[in-house]
Structure formats: C-alpha cells, structure tokens
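Reader: Hi! I'm in my first year and would love a close look at one part of this protein. Could you take me through a place where two helices pack together?

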Amino acid sequence: MMSMTKKGTDSVRVAVVGGGAAGMMAAIFAARAGADVTLFERNDRMGKKLRITGKGRCNLTNNCELNEFLANVPTNPRFLYAALASFSTADTMAFFEEAGVPLKTERGKRVFPMSDKAGDIVAALEKQCIRAGVHILHRRVDELLIRDGTVYGVRCGTVEETVDAVIVCTGGRSYPTTGSDGDGYRFATAAGHTVIPTQPSLVPLVAHGSLCAAMQGLSLKNIGFCIKDEASGKTVYEDFGEMMFTHFGLTGPVVLSASAHLHEMHPEKYAAYIDLKPALDEKTLDARIRSDFAKYQNRDFLNALDDLLPQKMIAPMVRLCEIDPRKKVHSVTREERERLVRCLKALKIPIRGFRSIDEAIVTRGGVNIKEINPKTMESKRISGLYFAGEVLDVDAYTGGFNLQIAFSTAVAAGTAAANVAQSGTKTGKNG
Ligand SMILES: Cc1cc2nc3c(=O)[nH]c(=O)nc-3n(C[C@H](O)[C@H](O)[C@H](O)COP(=O)(O)OP(=O)(O)OC[C@H]3O[C@@H](n4cnc5c(N)ncnc54)[C@H](O)[C@@H]3O)c2cc1C
C-alpha cells in the first residue's frame, strides 16, 4: 500500500490520475469538497504541457458567453453544456485571480496571465492543490483496479492503492514528450468503454509537391486562407491571418485552425488557397501590377516583382504562373498578367494529409461521451470512475477553449467524485 495523507477516516478517498490542467483542477475541487485526494503524475513536474501552452504564455480561457463558446467546439459541444454552465469561463478567470494571478484579455477574447508566463498558471494550480491538502505522488499509474462494475483503486508497478473514486485526467496523445501519450485510452478500454479513434487536430498540414519546400521558413501575415473540398468545390474553412511555409507544407495560426475543420482526410480531398493580396480585388491588383511593370519596364519579368512579393516567393511564383522569367515586362501579355493575378489571389496548395499526432495541439477522438454522465463526468459503465479533460472525445478550436474544457470537466468530476459515497452512486452498475 502507498502512503496517503488521510483527512479523516470518513473522508472519501479519491485518486486523480494525471497532473495536467484537468488533473490539478479536479484534485483541488475534490479536496475542497472534503475528499482525501491523491494526485498521481508520472513526470517529476506537474503541468508539463500547460507550461508550453500559448507559446509559453498560456491562453487559459476565452472571455465569451456560453453559446459563443460552444460554437468553437466542433466535437460534441452539447455534452459540455452542463459542465460549462456550472463552471464557466468567468469562473475560471475568478479562480485564477483569487489564486493571485492577474489576467488580461487580448484579441479574440483570449485570456492570458498578465505576466505572459504559463508557469504562473501551473504554480497557482500547484499552490491551490497544496492548500487544499492534495497529496501529490510522482508515479505513473499502470492500471485501474475494477471489480464487479466498481473501481476500487489504482496500481503503480507492484503497489496498489485502494480508493473510493478515480478521476482519469491523462490527456490526449499529442506532444507525447509532455507525458500525455494515451494511457487514459488504455484504461478506458480495459474498463469496457469505447474509445473513438484518435487523430490529430490543430495540426500542421502536409502538402503535395515541392512548392512549399521552395519557400520554407517564409512567414506571411494578413493573408486570406481557405480550404476547399476538391470534389464538391465547397469551402470548408475561410479566414484571414498568419501562416508559414515549411519543408513539408503549411503551418501557423490559420493553418492549425483550419485543420480542426478537416474530416475524413485523404490525399486528394482538400486543397488550400492562399490570397496573398486580400485587400485588393482582381481589377485593382492588375492595375497595381501594371504600374509596377511601368516602373520596371526594361527589367526581366523575374526581376520586376520585388514590390509585390517577398524575395523567397518570386522564383516559385514565376514558375507557377508559367511566364518566361527572362521576358521583358513590357511584353508580358494580358493573359499572362491574368495568370499572375490568379496565382496571387488563389495560390493553390494541394493537401496530402495531417502532420503526425505528435505535433498536434489537441487530440480528436477519445472516450466516448455517450458513456459518460455530462453533469458529473462519471462513467455509465463503472461506478466511481470519472474522466476529465482531453482524454474525452471533445476538442475545440484555438482561443483558450481546450483548457477551459479541461477545467470545467475537471470541476464537475472533482466535485462529484468527492461525494461519490454519500450520493450512493457506488452501487456497481455494469453495462
Ligand atoms: C504546444 C501546445 C500549445 C497549446 N496551447 C493551448 C492554449 O494556449 N490554450 C488552450 O486552451 N489549449 C492549448 N493547448 C491544448 C491544451 O494544452 C490541452 O488541451 C490541455 O492541456 C489538456 O489538459 P489535460 O489535463 O486533459 O491533459 P494534459 O495537460 O496533457 O495532462 C495530462 C497529464 O497526465 C499525465 N499522465 C498521463 N498518463 C499518466 C499515467 N499513467 N500516470 C500518471 N500521470 C499520467 C501526463 O504526464 C500529463 O501531465 C495546447 C497544446 C499544445 C501541445
């Protein structure tokens, strides 16, 4: 048996598996509700992933109303309604401000710590864990102990710990070096749950051909970006913003956001279209090109685009619009100019697939929410077993939504788990 800090012999004993965003929050709320809580984190530090969120600044929530929030959750938004209604974005902000972390709201209602330090969010959660009396063990849980439809403990190596409730907060399977490599899915499957197959979301996109590689490292701001389903011609995503070319394809904020909208990915399904001059319509752009050509009338075409495009783009774009690079600009025809305008307004990048899940910001798929009580996050299959955070089959767009989902589901699970014995849910209920 492992040693646990006992609040009292009557206290409900809760094991929280995973010390990330959801795990720490679940532990705090279970302990505040009177439970005797042990948190198991396999790393020697808590919140390894949290520390790298928001490029180290931690976009911890989004300062928006519930309906707007749910519109930013493409997978299973209705399941989250109860949890978000009882622990809202405003509650998250109040929680951290009361914990001594001043916050600020930026563009797109994104909330960050005033200090711009994700470490401050982790430190606040750790401090609240300690203050609430959570016992932290840096151990990896190998197995959940289940008998007759009821969870009764966890096993770490050869050591077993008996508890009344277990909250699985092991995260998804993206960025596995942070410790989140899919243990929770294994636990869920062993407990008789269905796990919806996982795939990457908020992930860079791999392109066909060598065009992107030719421009690798080039970052574009204020571009129009859309993705079309090539078979139907339907636009599945459209936005303005920032992106970058890489040796494999495309990355950057608009690209990651777009990836969350791409379903049933296969190598011929989607193409990205980049509008390099979103502020100019085709006619105005043509006039702008003609004025550049007049300015550089004796130059070769290849050397007349300096005012129009970043240096790294010129040679690839010239090749793409199939105009002789050595042709003098005064003899570029109207049809050739039109081809150039089309390339500038809709630079086509056929998409081959997603980059690996290792590089994804979030994991799509996970524990089937139909088997989870949306108010308490308790398993409908195993009594006393709860799931919170990214391990569940929920995911959202960028903007602080994913961390808020972790916090809200964790508060629901922690509060319910602390009351597991009193509420009489531990009666054993298979199926
Ligand atoms: C680079 C990057 C940037 C991001 N930026 C943002 C952002 O700014 N805003 C936002 O809302 N979201 C962001 N996200 C997504 C967000 O980080 C996750 O959705 C969130 O961390 C999920 O919380 P979680 O607690 O469910 O899982 P995690 O935070 O992944 O925590 C899971 C924890 O469980 C531990 N664990 C796993 N298995 C075991 C085991 N068997 N025993 C013991 N411990 C175990 C892991 O070590 C880990 O510490 C970002 C993600 C990445 C990768």
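Author: Happy to; what follows is about one pair of helices and a ring pair beside the topic. This is a predicted model, in which local features need pLDDT of at least 70 and side-chain atom pairs count only at pLDDT 80 or more, while totals for chains, interfaces and linings use all residues. Residues are numbered from 1 along each chain as its sequence is written, and side-chain values use heavy atoms, with hydrogens and water left out.

Two packed helices are described by the angle between their axes and the distance between the axes. Helices here are DSSP runs (H or I, at least four residues), numbered from the N terminus. The axes of helix 9 (residues 282-295) and helix 11 come within 10 Å and cross at roughly 120°; axes are lines fitted to C-alpha atoms over the stretch in contact, with angles from 0 to 180 degrees between N-to-C directions. Helix 9 and helix 11 are therefore oblique to each other, since angles under 35 degrees count as roughly parallel, over 145 as roughly antiparallel, 65 to 115 as roughly perpendicular and the rest as oblique.

Contact means heavy atoms within 4.5 Å. Helix 9 brings E282, L285, D286, I289, R290 and F293 to the contact, and helix 11 brings R337, L340, V341, L344 and K345.

F293 also has a ring partner: the centres of F293 and F301 are 6.1 Å apart and their planes at 90°, so the pair is edge-to-face (rings of Phe, Tyr and Trp, its six-membered ring, pair if their centres lie within 6.5 Å; planes under 30 degrees apart are stacked, over 60 edge-to-face, the rest tilted). F293 is buried at 8% relative accessible area, and F301 is buried at 0% (buried is under 20%, exposed over 50%, partly exposed in between, with a 1.4 Å probe and protein chains only).

Notes:
Helix = DSSP H or I, 4+ residues; strand = E, 2+ residues; numbered from the N terminus.
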